[in-house]
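Dear colleague,

I am passing on to you the structure shown below, together with an account of what was found in it. Please keep it open beside this message as you read.

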Amino acid sequence: MKLLFVSIFLFAPFFAQAQTPVPDTVTIVKAQVTNAGSSTITTLPGTTIPQTYQTIRAQILEGSDAGKTVEFDNDYLTLKVGDVFYARHQTSALDGTDFWSVGEPYRLPVVEFFVGLFLLSLLLVGGKQGVRGLLALIAGLFFIIYLLLPGILAGYPPLLIAGGVSALIVIAGSYLTHGVNRATSAAVLGMLLTIAVVGTLAYLAVHLGRFSGYTTEESTYLNFDTQGSIDFVGLLLGSLMIGLLGVLYDAAIGQAVAVDELARAAIHWTRRELFVRGMRIGREHIGALVNILAIAYVGASLPLLLLFKVSSTQSIWVTLNSELFATEIIRITIGSIGLILAVPITTAVAVYLLHGGAGEGTSTHHHR
């Protein structure tokens, strides 16, 4: 008998390790509320936060359970009869028990409406130029989805991939929207040079500051899902560069067109005069664009700012030193530096390419 117990004790761990746990089955299906009970408000256990509960009955609208009616408690968001939502159906791998819960409200009709409104506004107001801008947007999204994301997941250096994709977005977007001419080429060269400078600055900032790239829950989940194969420092660098493109594009194109118009209107100016006048326009542009960029980042980080506001357990310097806050500060400052540098860089390139030509398609050159 003692030998039996000893054998069980010694070999039980091996049997336990041999049994691979089977995960629960989870599916997401669309459902519609057919009956909604009255809501009751209680507090979450261990807290003073109020929580609304209700019992709902819903009909499944798709999948293998289509037509089936289920009833369950809902503590996510208050629903009423007729509301459509996505239900989360979890089946236990141990005993086959079904568990239903509310996933997300059905928002696609609202999303489709505003996408349609955007396209209609673009076509009515933008006309042909709006269509070309839309094609440029589609091309940019194509490069991000089919080149940037697969390249990062495949293990290529995120900074290298982001730099290459940024260049493709700049080149394709600029020529699709504004056509092939010297003003567009000046803007493209200006943006490419600016991207190179910004990439260098971002590299220095991230490595000198010892950033890890793990600032959100998504980063942690992605690290587990990819088994640690992604370089999150490089991913942070890539996100800094891609996030700058939209406003950088506006600055470079605007500056190149301004220099082009000045070159047409005053063909007797020297390159120095053309550069000085172009920079006069560019400085006004810089103030507006930097303000737009900073406010946009602040608007996207409102929850983070609120967390900083209500947190009183540590000093302001400790909070600002944390990677979560420091990343956003670096993002704003690097982006703003890129915008500032884009103006003189693009102006210099545009002056070099456009001076003396009086713009595209003009036969008049130097005025002596």
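**Arginine 210 and its loop**

Arginine 210 is located in the loop that runs between helix 4 and helix 5 (217-225). Please bear in mind here, and throughout, that the model is a predicted one. With a relative accessibility of 77%, arginine 210 counts as exposed, because the cut-off for that word is over 50%. Its backbone deserves a look as well, since arginine 210 has a positive phi of about 55° although it is not a glycine. As background, most residues other than glycine have a negative phi.

**The chain as a whole**

Stepping back, the chain holds ten helices and six strands, and 33% of its 368 residues count as buried. If one takes the contacts between residues at least 6 apart in sequence, 64% of them join residues that are at least 24 apart.

**The nonpolar cores**

The largest nonpolar core has 52 residues, and the members that touch the most others are Leu148, Val165, Val206, Leu274 and Leu339. Two or more residues of this core are given by each of helix 2 (108-153), helix 3 (158-178), helix 4 (182-208), helix 6 (232-265), helix 7 (271-300) and helix 10, with helix 6 supplying the largest share, 18 residues. A second core, separate from that one, consists of 13 residues and includes Ala58, Phe85, Ala87 and Val102. In general terms, nonpolar side chains tend to be buried together in soluble globular proteins.

To see one of the well-connected members in its surroundings, you could look at valine 165, which, once its neighbours within four places in sequence are left aside, is in contact with Phe143, Ile144, Leu147, Leu148 and Ile242.

**Two helix pairs**

How do helix 2 and helix 3 lie with respect to each other, roughly parallel or roughly antiparallel? Their axes come within 9 Å and cross at roughly 165°, and because angles over 145 degrees count as roughly antiparallel, helix 2 and helix 3 are roughly antiparallel to each other. The crossing in which helix 2 passes helix 3 is right-handed.

The second pair is helix 7 and helix 10, which pack at an angle of about 160° with their axes 9 Å apart, so that helix 7 is roughly antiparallel to helix 10. The crossing of helix 7 and helix 10 is right-handed. Among the residues that make the contact are Leu274, Gly278, Gly282 and Ile286 of helix 7, and Gly335, Leu339, Val343 and Pro344 of helix 10.

**Two buried polar side chains**

Threonine 184 is part of helix 4 and, with a relative accessible area of 3%, is buried, since buried means under 20%. The side chain of threonine 184 reaches the backbone oxygen of glycine 179 at 3.1 Å. Not counting residues up to four places away in sequence, threonine 184 touches Ser174, Tyr175, His178 and Gly179.

Histidine 355 sits in the segment after helix 10 (323-354). Is histidine 355 buried or exposed? Its relative accessible area is 16%, so histidine 355 is buried. The side chain of histidine 355 reaches the backbone oxygen of tryptophan 269, at 2.7 Å.

With best regards

How values were computed. Residues are numbered from 1 along each chain as its sequence is written. This is a predicted model: local features need pLDDT of at least 70, side-chain atom pairs count only at pLDDT 80 or more; totals for chains, interfaces and linings use all residues. Side-chain values use heavy atoms; hydrogens and water are left out. Helices (H or I, at least four residues) and strands (E, at least two) are DSSP runs, numbered from the N terminus. Buried means under 20% relative accessible area, exposed over 50%, partly exposed in between (1.4 Å probe, protein chains only). A polar contact is a pair of N or O atoms within 3.5 Å; within protein, one must be able to donate a hydrogen and the other to accept it, and residues adjacent in sequence count only if both atoms are side-chain atoms. A nonpolar core is a set of buried Ala, Val, Leu, Ile, Met, Phe, Trp, Tyr and Cys residues joined through side-chain atoms within 4.5 Å. Contact means heavy atoms within 4.5 Å. Axes are lines fitted to C-alpha atoms, for helices over the stretch in contact, and angles run from 0 to 180 degrees between N-to-C directions. Angles under 35 degrees count as roughly parallel, over 145 as roughly antiparallel, 65 to 115 as roughly perpendicular and the rest as oblique. A crossing is left-handed if the near helix is turned anticlockwise from the far one by less than a right angle, and right-handed if clockwise.
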